[in-house]
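User: I would like to learn how to read a model like this one, feature by feature. Please start with confidence and then go on to the contacts.

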Amino acid sequence: MRTWIPLSGLQAITILAVGLLLPSSAHADATADAMRAAAKTHGPSVVRVQLTSTLTLERLPGVGKGARRTHEISIPGVVVDSKGLVVFPARSLDPAAGAFALLGGRASADVLSVRVVGSDGQIREAKWLGTDPKSQLAFVRIGSVGQKGLAPIAWTTTTAALGDPLLVV
C-alpha cells in the first residue's frame, strides 16, 4: 500500500524541503515511524523567523507614492549551515505583493527587526542579510551565541521515483 501526502495549494509558495524517501512497500506504521524519526532528526534545523518590516509603495494607481505600512510576519525557515544561516521564502516579506502587482503597483520592504525561534522555543536575535530575487529566497543569520540548540539541515542525496512517498519538512 502506498501512502500519499497531498501537497495541493503549495504551488505558489517557495518550499524549503528535505525529502525522506520511504520504502514503497512500507506499511502505515512504518511510514508513521519514519515520519516521527525525520521530525526528530530535523527538528533542530527548522525555525520560525519573526520579522518586522516597513513597506513603502513605490507606485500604486490611486495611492500616493511613498505610502507606508509596517507589518510583522512569522514564517518557517531552515538553518542551512553551521554559521547560523537561515533561509525562508522571500514572498513572505510582503504578503500583498501579488495584489499590488495586479493593480500595477510595487512596494519595497525595509526590515526593522529579525528574531528566530527554534523548535526549543528559545528566541534568538538575527541579522537581516537580504533576498535573492532569482531564487525568491530571503536570508538571515543567527549570531554565534544564539546557535546553541540549532543544527544545519541534513540534506539528502536520494532520488525519489515517481510514486514514492515523500515527507516534506
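Analyst: This is a predicted model, and confidence is the place to begin. Among the elements of the protein chain, strand β1 (residues 19–21) has the lowest mean pLDDT, 43, and β7 the highest, 94. For the protein chain, the mean pLDDT is 75, and 78% of its residues reach 70 or more.

User: Over which residues does pLDDT stay under 50?

Analyst: Where pLDDT is low, the predicted coordinates should not be read in detail. Here that concerns residues 1–26, over which pLDDT stays under 50. The model has 57 contacts beyond four places in sequence for this stretch.

User: Which residues have the most contacts inside the largest nonpolar core?

Analyst: They are V49, V86, F88, V116 and V140, in a core of 17 residues. At least two residues of this core come from each of β2 (46–59), β3 (68–79), β4 (85–89), β5 (106–118) and β7 (137–142).

User: What does V116 touch, not counting residues up to four places away in sequence?

Analyst: V116 touches V47, R48, V49, Q122, I123, R124, A126, V140 and I142. Of these partners, V49 and V140 are also among the core residues with the most contacts inside it.

User: How many salt bridges are there?

Analyst: The count comes to two. One joins D81 and R141, with the closest N and O atoms 3.9 Å apart. D81 lies in the loop between β3 and β4 and R141 in strand β7, so this pair ties together parts that are 60 residues apart in sequence. D81 is partly exposed at 24% relative accessibility, and R141 is partly exposed with a relative accessible area of 30%.

User: What is the distance between the closest N and O atoms of R124 and D120?

Analyst: In this salt bridge they are 2.9 Å apart. For accessibility, each residue is taken separately: R124 is buried, with a relative accessible area of 1%, whereas D120 is partly exposed at 44%.

User: Is S45 buried or exposed?

Analyst: Buried means under 20% relative accessible area. S45 has 2%, so S45 counts as buried. The residue sits in the loop between α1 (28–42) and β2.

User: Which backbone oxygen does the side chain of S45 reach?

Analyst: The side chain of S45 reaches the backbone oxygen of A151, at 2.7 Å. A151 also appears in the contact list of S45, taken without neighbours within four places in sequence. The list further holds G77, V78, V79, P152 and I153.

Note on methods:
Residues numbered from 1 in each chain as written. Predicted model: local features only at pLDDT ≥ 70, side-chain atom pairs only at ≥ 80, totals over all residues. Heavy atoms only, no water. Core = buried A, V, L, I, M, F, W, Y, C linked by side-chain atoms within 4.5 Å. Buried < 20%, exposed > 50% of the residue type's maximum accessible area, 1.4 Å probe, protein only. Helix = DSSP H or I, 4+ residues; strand = E, 2+ residues; numbered from the N terminus. Contact = heavy atoms within 4.5 Å. Polar contact = N/O pair within 3.5 Å; in protein donor to acceptor, adjacent residues only side chain to side chain. pLDDT = per-residue confidence, 0-100. Salt bridge = Lys/Arg side-chain N within 4 Å of Asp/Glu carboxyl O.
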